[in-house]
Amino acid sequence: MKVLKIDHLGIAVPSLAEALEAYRALGFEPEATHEVPSEGVRTAFLPVGESHLELLEPTDAGSAIAKFLERRKGLHHVCVLVEDIDAALAELRGRGVELIDAQPRTGAGGCRVAFLHPRAAGGVLLELKQAEPDPA
Ligand code: ZN
């Protein structure tokens with residue numbers, strides 16, 4: 001599996017509007033917001049150099065982010081960019097790594113993503129994201 005870079009850090013927040021106000025006061029500017037109905041979240045991406053912070057607000061009480069926020073706030077996941085997500089998942093499956101997603105799902109902005117179980121990564125929820133193909 002070839003990991004290219006940290007794509008973003010996912011931060012769970014009860015209110016996107018309040019979090020954006022707080023982050024703006026820290027000097028961050030949102031680049032894009034996305035509704036992801038399939039995940040029950042609304043997200044905002046804040047550029048940090050070549051990576052991003054992803055703020056995640058639940059829009060559905062049954063979503064994973066809503067459940068996370070019942071226990072705590074803050075850092076929810078780390079997302080790394082991989083060259084080929086299908087090959088990466090096949091390789092990890094072959095090594096017996098505990099996956100949450102056997103197959104990629106559609107994440108914010110229509111990207112193909114997959115989550116590994118925190119037990120596989122030192123207690124961190126790790127998200128893999130397919131690198132965009134180079135524009136020809
Ligand atoms: Zn993410």
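Where is Asp101 found? Asp101 is in the loop between helix H3 (85-94) and strand S6 (105-106). The model is predicted. This report starts with the whole protein, then returns to Asp101 and three other residues.

## Overall fold

The protein has three helices and eight strands. Their order from the N terminus is β-α-β-β-β-α-β-α-β-β-β. The radius of gyration is 15 Å, close to the 14 Å that the globule rule gives for 136 residues, so the protein is as compact as a globular protein of that length. Along the principal axes, the C-alpha atoms fill a box of roughly 45 × 40 × 25 Å.

Contacts across the sequence can be put in numbers too. Take the contacts with a separation of 6 or more: residues 24 or more positions apart account for 53% of them.

## Surface and charge

Of the 136 residues, 43% are buried. The protein exposes about 7,500 Å². Carbon and sulfur atoms supply 54% of that area.

The protein carries 14 positive and 21 negative charges. The mean positions of the two sets are 6 Å apart.

## Asp101: a buried acid in a loop

Is Asp101 buried or exposed? Asp101 is buried, because its relative accessible area is 10% and the cut-off for buried is under 20%. The side chain of Asp101 has a polar partner: it reaches the backbone nitrogen of Phe115 at 2.8 Å.

Leaving out residues up to four places away in sequence, Asp101 touches Leu89, Ala114 and Phe115. The loop that holds Asp101 runs between helix H3 and strand S6.

## Leu116: buried in strand S7

Leu116 lies in strand S7, which spans 112-116. The relative accessible area of Leu116 is 4%, so this residue counts as buried.

Which residues does Leu116 touch, not counting those up to four places away in sequence? The list is Leu92, Val97, Glu98, Leu99, Ile100, Leu125, Leu126 and Leu128. Leu116 and Leu89 are 27 residues apart in sequence. Their C-alpha atoms are 9.2 Å apart in space.

## Pro118: partly exposed in the next loop

Pro118 sits in the loop between strand S7 (112-116) and strand S8 (126-130). Why does Pro118 count as partly exposed? Its relative accessibility is 23%, and partly exposed covers values between the buried limit of 20% and the exposed limit of 50%.

With residues up to four places away set aside, Pro118 touches Ile100, Gly123, Val124 and Leu125. Ile100 and Leu125 are also among the contacts of Leu116. Pro118 and Glu91 are 27 residues apart along the chain. Their C-alpha atoms are separated by 18 Å.

## Ser51: buried in strand S4

Ser51 belongs to strand S4 (residues 51-58). What makes Ser51 buried? Its relative accessible area is 19%, and buried means under 20%.

The Ser51 side chain reaches the backbone oxygen of Ile6 at 2.7 Å. Beyond its neighbours within four places in sequence, Ser51 is in contact with Ile6, Asp7 and Leu46. Ile6 thus appears twice for Ser51: as the polar partner and in the contact list.

## In brief

Two of the side chains described here reach backbone atoms. Asp101 reaches a nitrogen, that of Phe115. Ser51 reaches an oxygen, that of Ile6. Leu116 is buried at 4%, whereas Pro118 is partly exposed at 23%.

Terms used
Residues numbered from 1 in each chain as written. Predicted model: local features only at pLDDT ≥ 70, side-chain atom pairs only at ≥ 80, totals over all residues. Heavy atoms only, no water. Helix = DSSP H or I, 4+ residues; strand = E, 2+ residues; numbered from the N terminus. Buried < 20%, exposed > 50% of the residue type's maximum accessible area, 1.4 Å probe, protein only. Polar contact = N/O pair within 3.5 Å; in protein donor to acceptor, adjacent residues only side chain to side chain. Contact = heavy atoms within 4.5 Å. Rg over C-alpha atoms; globule rule 2.2 N^0.38 Å. Areas by Shrake-Rupley, 256 points an atom, 1.4 Å probe, with all protein chains shown as cover. Lys, Arg positive; Asp, Glu negative; His and termini not counted. Charge placed at Lys NZ, Arg CZ, Asp CG, Glu CD.
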